[in-house]
Amino acid sequence: MFREISKMMKNIKMIYAKRLALIICFGMILTACAGVEQKEDEAQPQEEEKIQIGMSFDSFVIERWQRDRDVFVSTAKELGAEVNVQNANGDLAEQKKQIDYFIEKGMDVIVIICVDSDGLSGYVNKAKEKGIKVIAYDRLIKDCDIDLYISFDNAKVGGLMADALIDNGLAGGSVLMLGGSPTDNNISLVEGKFKRTMQENKVTILDSFHADGWLAELAAEYVYEHMDVVIKADAIMCGNDDIASRVVPALAEKQLAGKIMVVGQDADLEACQRIVEGTQLMTVYKPVERLAQRAAECAVILAQDEEIKGDDVTMLDNGSFLVPYVGLDPVSVTKENINDVIINSGFHLKEDVYLNVPGEMP
């Protein structure tokens with residue numbers, strides 16, 4: 001009996017010993033695996049934090065802004081940056097809130113298409129105090145130390161509009177000016193050059209109207225309410241193609257479309273269609289892809305605390321500071337060169353431009 005009990009005890013001890021050995025062995029394997037995993041994790045390079053860019057648009061009322069946005073975001077992404085896009089819908093107070101939001105989020109760079117060139121200096125200064133770089137995109141922000149202003153040569157835009165009218169026989173005639181928002185600093189640059197050219201060629205400016213917030217319907221209302229002035233005009237200078245898109249139909253109701261010369265800017269698709277149809281004389285093409293790409297490149301450079309360099313960089317006075325300025329050249333587009341400038345560049349498709357006049361498509 002005692003021998004059997006003793007034998008059973010030995011067997012139990014052996015079983016426990018084997019189980020303990022297995023547990024220890026298994027634990028050692030787990031520890032080894034964990035060590036390998038830890039070493040593998042340590043070997044993995046840590047992903048760098050992406051550059052953060054906040055972008056506040058005045059609005060998307062103007063057709064071209066959507067193109068600017070898409071190209072900027074795409075280029076920034078390729079350069080390793082993330083872009084947070086906000087739309088102020090033409091509201092200055094809302095744009096101020098958006099800038100505050102970007103400051104709170106600790107953005108590296110804030111890009112602003114301003115609602116009001118005079119209304120954001122204090123908010124730009126707040127961003128600068130936090131070490132955030134600020135870019136004024138296409139519209140100058142006055143009286144603050146912005147890190148970059150990038151746009152097109154707006155005085156040249158007005159000159160191209162004026163030259164197209166003079167070349168088409170306006171000298172000695174009369175013109176009506178229907179401009180955009182008076183809070184947009186570009187307006188004074190465009191209209192300043194336009195008016196000087198009109199004066200040099202003895203052209204009478206019948207009246208000058210500005211559409212608040214770039215609302216094209218306000219320009220159309222002017223046309224309907226001041227037809228007595230409109231019928232005296234040999235030409236109408238529209239602040240952009242969106243305004244022209246409302247003015248030309250109003251002229252058509254009085255059978256004046258194509259008889260009164262109309263010019264605009266931005267090379268919107270409908271404007272290009274009107275040019276080949278003969279109801280708009282010209283538009284100014286601003287290669288926004290180049291502008292947006294260059295702006296995105298500059299934003300990344302600034303985020304890395306580097307200096308923007310290049311033959312296209314000059315200095316410009318914004319009222320209180322000399323700020324870095326990159327200015328791109330605009331191009332005049334008429335029926336004669338629309339294929340080369342607009343279609344061959346891929347800005348618009350030929351079938352879209354000639355949609356309403358397929359018989360004239362080359």
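## A walk through the sheets, rings and cysteines

Let us begin with an open sheet of seven strands, which follow the order β2-β1-β3-β4-β5-β12-β11 with mixed pairing. The edges of this sheet are held by β2 (81-87) and β11 (313-317). Each of these two has a single partner strand, so one side of each is left without a neighbour in the sheet. From one strand to the next, the twist averages 25 degrees. Please keep in mind as you look around that this is a predicted model.

Now step inside the sheet. Strand β1 (residues 51-57) runs parallel to strand β3 (residues 109-112), and four bridges pair them. To find the place on screen, look for I53, which stands opposite V109 in β3.

Next, move along the chain to strand β6 (residues 174-179). Is β6 mostly open to the outside or enclosed? Six of its six residues are buried, so β6 is largely enclosed by the rest of the structure. You can check this face by face: S174, L176 and L178 lie on one side, V175, M177 and G179 lie on the other, and all of them are buried.

Strand β6 has parallel partners that you can trace. One of them is strand β7 (residues 204-210), joined to β6 over six bridges in the parallel sense. Here L176 has D207 of β7 as its bridge partner. Helix α6 (residues 185-200) belongs to this part too, since β6, α6 and β7 make up a right-handed β-α-β unit.

Strand β8 (residues 235-238) also pairs with β6 in the parallel sense, this time over four bridges. In this pairing, M177 finds its bridge partner in M237 of β8. Both faces of β8 are covered as well: A235 and M237 on one side are buried, and so are I236 and C238 on the other.

From β8 you can carry on to strand β9 (residues 261-263), which runs parallel to β8 and is joined to it by three bridges. M237 appears again here, with V263 as its bridge partner in β9. To get from β8 to β9, the chain passes through helix α9 (residues 241-253), and this β-α-β crossover is right-handed.

With the strands in view, turn to the aromatic rings. How many aromatic pairs are there? The count comes to six aromatic pairs. One of them joins F57 and F60 in a tilted arrangement, with 4.8 Å from centre to centre and 35 degrees between the planes. Both F57 and F60 are buried. Another pair brings together Y285 and F347, and this one is edge-to-face, at 4.9 Å centre to centre and 65 degrees between the planes. Where do these two residues sit in the chain? Y285 lies in strand β10 (residues 283-285), while F347 lies in the loop between α12 (338-343) and α13 (350-353), so the pair ties together parts that are 62 residues apart in sequence. Y285 counts as buried because its relative accessible area is 9%, and F347 is buried too, at 6% relative accessibility.

The rings do not stop at single pairs: F57, F60 and W65 are linked by ring pairs into a cluster. Charged side chains also take a place over some of the rings you have just met. R69 has its charged end over the ring of F60, 5.0 Å from the centre. In a similar way, the charged end of R67 sits over the ring of F347, at 4.0 Å from the ring centre.

Our last stop is the cysteines. A disulfide is a covalent bond between the sulfur atoms of two cysteines. How many disulfides does the structure hold? The number is zero. C144 helps to show why: the closest cysteine sulfur to its own is in C114, 9.2 Å away, which is too far for a bond. For comparison, the sulfur atoms of a disulfide would need to be within 2.5 Å. C144 itself is buried, at 0% relative accessibility. C298 counts as buried too, with 0% relative accessibility.

Note on methods:
Residues are numbered from 1 along each chain as its sequence is written. This is a predicted model: local features need pLDDT of at least 70, side-chain atom pairs count only at pLDDT 80 or more; totals for chains, interfaces and linings use all residues. Side-chain values use heavy atoms; hydrogens and water are left out. Rings of Phe, Tyr and Trp (its six-membered ring) pair if their centres lie within 6.5 Å; planes under 30 degrees apart count as stacked, over 60 as edge-to-face and the rest as tilted. Buried means under 20% relative accessible area, exposed over 50%, partly exposed in between (1.4 Å probe, protein chains only). A charge sits over a ring if NZ of Lys or CZ of Arg is within 6 Å of the ring centre and within 35 degrees of the ring normal. Two strands pair if DSSP finds at least two bridges between them. Axes are lines fitted to C-alpha atoms, for helices over the stretch in contact, and angles run from 0 to 180 degrees between N-to-C directions. A crossover is right-handed if, with the strands pointing away from the viewer, the path from the first strand over the helix to the second runs clockwise.
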